[in-house]
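I have opened a new notebook page for this one. The plan is to look things up chain by chain and jot down what turns up.

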Amino acid sequence: MIPAAFEYHRPIDIGGAVSILAEHGDEARVLAGGHSLIPMMKLRMADVPHLVDLQDITALKGITIEDTRVTIGAMTTQHELITHDALFAAVPLLREAALQIADPQVRHMGTIGGNVANGDPGNDMPGVMQCLDATFTLEGPDGTRTVQARDFYEAAYLTDRDDAEILTQISLNATRGGYAYEKQKRKIGDYATAACAVLIEAENGVVSSAAISMTNLSDVPVFSETAAQALIGTSCEPAAVKSAVDAALTEIDPTEDNRGPVQFKRHVAGIIIARAIERAWARA
Amino acid sequence: MTKQILKMTVNGETHEVLAEPRELLVYVLREKIGMKGPHVGCETSHCGACTVEIDGKSVKSCTMFAAQAQGANITTIEGLGTPDGLHVLQTSFKEHHGLQCGYCTPGMITRAHRLLQENPNPTEEEVRFGIAGNICRCTGYQNIVKAILSAAAEINAAKEAAQ
């Protein structure tokens, strides 16, 4: 499997990368960890005459935590997310989710920026970022702007990002309370048959705030406000979990593929959402 | 497209090769640098037979362009041990029957080597999770896991004895 020929660019700063993208338009793509893009290039499903490798751009690397605000450079690898203890203390959901992505070698290369910017419904971090209400920073020829993760995804592989823009960083608030990322997959390394991220804060024995989002159950990640609302004021007793699950299931739109027919995916989703809520509640 | 000169350190020696950007690292290592340890198994980043270590990371070299490794420090199975001086992991795989056909072994041992750098005293579960990116179709993994646990114990005992 040999990809089509391309020109390889390795800019040293964001401005340099953006100007290559602006010059070559949709003939150029950025390369982060490459574990989605390179397989597509090998299959010749992605045609990339100009490949822009971001690995030398130091401004895209690193994790900073100031008070309760967390900023993650787009080129931070899944492995770095997992092994960063201060990040685990601030946002434990990220380690739990990242550990369920692919395998050790892929996590050594795969980046958070690539995972959220690619727009693949199977990627785990888009749903996690919606649950966390993260903000994405995009830099392009017209400057820098931010967009909420909850507004970023339009359809499979289609996002609010313009071709000449680079997703440079992700920022989010530290979380309190319980968290869970529950994922059903056929085997290690697979994308989710169904996955669900949950955050729950409790006060006086009842849920005071909650966020619920789902992965690979539609062509975009699904953030369900109504499912979260169903938990508020409850102590996540079975009836409350069931109404949250029922609410979440009305918002998904899975399609049949080699992971199973629609009915099976809806069944798996129901179980996964309930487990995620129960685990997050137990930790709240 | 334009070939470029790539300079990389492989098993402690500096190599310069001429390669097109689209050439995958595993082929450059095997065919231009002569390191036949990294194997081409699935070529779809699933099987792990091509695993090498790059700047302290375990990487599937079929899913990286050689151009990305410009300036990198790479270790393949050839850099871990020699036929006359096997690495502890190699001896342990041999003793515990951790290989049959041997096709996955270079990737498996290279991955296990990095795993033990990151976690020198892993549990059985951590070993299994740590080699989840490497497929073996012969052994059923049991003896591979035993070999890695035994190598870890041996390395740790040697470290203690040295102190």
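My entries below go from chain A as a whole to the sheet and helices of chain B.

**Entry 1: what I am looking at.** This is a predicted model, so I keep that in mind throughout.

**Entry 2: chain A, overall.** I started with the secondary structure and got twelve helices and 14 strands for chain A. Next I checked its radius of gyration, which is 19 Å; the globule rule also gives 19 Å for 284 residues, so chain A is as compact as a globular protein of that length. The box around its C-alpha atoms, along the principal axes, comes to roughly 60 × 45 × 35 Å. I then looked up burial: 49% of the 284 residues count as buried.

How are the contacts of chain A spread over the sequence? Taking contacts between residues at least 6 apart, I find that 64% join residues at least 24 apart.

**Entry 3: domains of chain A.** The assignment splits chain A into domain 1 (7-53), domain 2 (58-173) and domain 3 (178-283). I looked up the distance between the C-alpha centres of domain 1 and domain 3 of chain A, and it is 35 Å.

**Entry 4: the core.** Nonpolar side chains tend to be buried together in soluble globular proteins. The largest nonpolar core here has 133 residues. Which of them touch the most other members? My list reads Leu93(A), Val198(A), Ile212(A), Ala276(A), Ile277(A) and Ala280(A).

I picked Leu93(A) for a closer look. Ignoring neighbours within four places in sequence, I see Leu93(A) in contact with Val128(A), Leu132(A), Thr175(A), Tyr179(A), Tyr181(A), Ala197(A) and Leu199(A).

**Entry 5: the sheet in chain B.** Over in chain B, I traced an open sheet of five strands with mixed pairing, in the order E2-E1-E5-E3-E4. E2 (13-19) and E4 (57-60) of chain B are the edge strands with a single partner each, so one side of each has no neighbour in the sheet. Direction ignored, neighbouring strands are turned by 40 degrees against each other on average.

**Entry 6: strand pairs in chain B.** I went through some of the pairs.

- E1 (residues 4-10) of chain B pairs with E2(B) in the antiparallel sense over seven bridges. Gln4(B) sits opposite Ala19(B) in E2(B).
- E3(B) and E4(B) are also antiparallel, over four bridges. Ile54(B) has Lys57(B) of E4(B) as its bridge partner. The two strands make a hairpin with two residues between them, and Asp55(B) in the turn has a positive phi of about 45 degrees.
- E3(B) pairs with E5 (residues 73-75) of chain B, antiparallel over two bridges. Here Glu53(B) stands opposite Thr75(B) in E5(B).

**Entry 7: helices on the sheet.** H1 (residues 25-32) of chain B lies across E1, E2 and E3 (51-54) of chain B, and I note an angle of about 110 degrees to E2(B). H3 (residues 105-118) of chain B packs on the sheet too, touching E3 and E4 of chain B, with its direction at about 35 degrees to that of E3(B).

Which residues of H1(B) are buried? I noted Leu25(B), Val26(B), Val28(B) and Leu29(B). What covers them includes E1, E2 and E3 of chain B. In an α-helix, with 3.6 residues a turn, residues three or four places apart point the same way. Last, I checked what follows H1(B): Gly34(B), with a positive phi near 85 degrees.

Methods:
Residues numbered from 1 in each chain as written. Chains lettered and ligands numbered in written order. Predicted model: local features only at pLDDT ≥ 70, side-chain atom pairs only at ≥ 80, totals over all residues. Rg over C-alpha atoms; globule rule 2.2 N^0.38 Å. Buried ≥ 20, exposed ≤ 12 C-beta atoms within 10 Å, placed from the backbone. Contact = placed C-beta atoms within 7 Å. Core = buried A, V, L, I, M, F, W, Y, C linked by C-beta atoms within 7 Å. Domains from an automatic or database assignment. Pairing = 2+ DSSP bridges. Axes fitted to C-alpha atoms, helices over the stretch in contact; angles between N-to-C directions.
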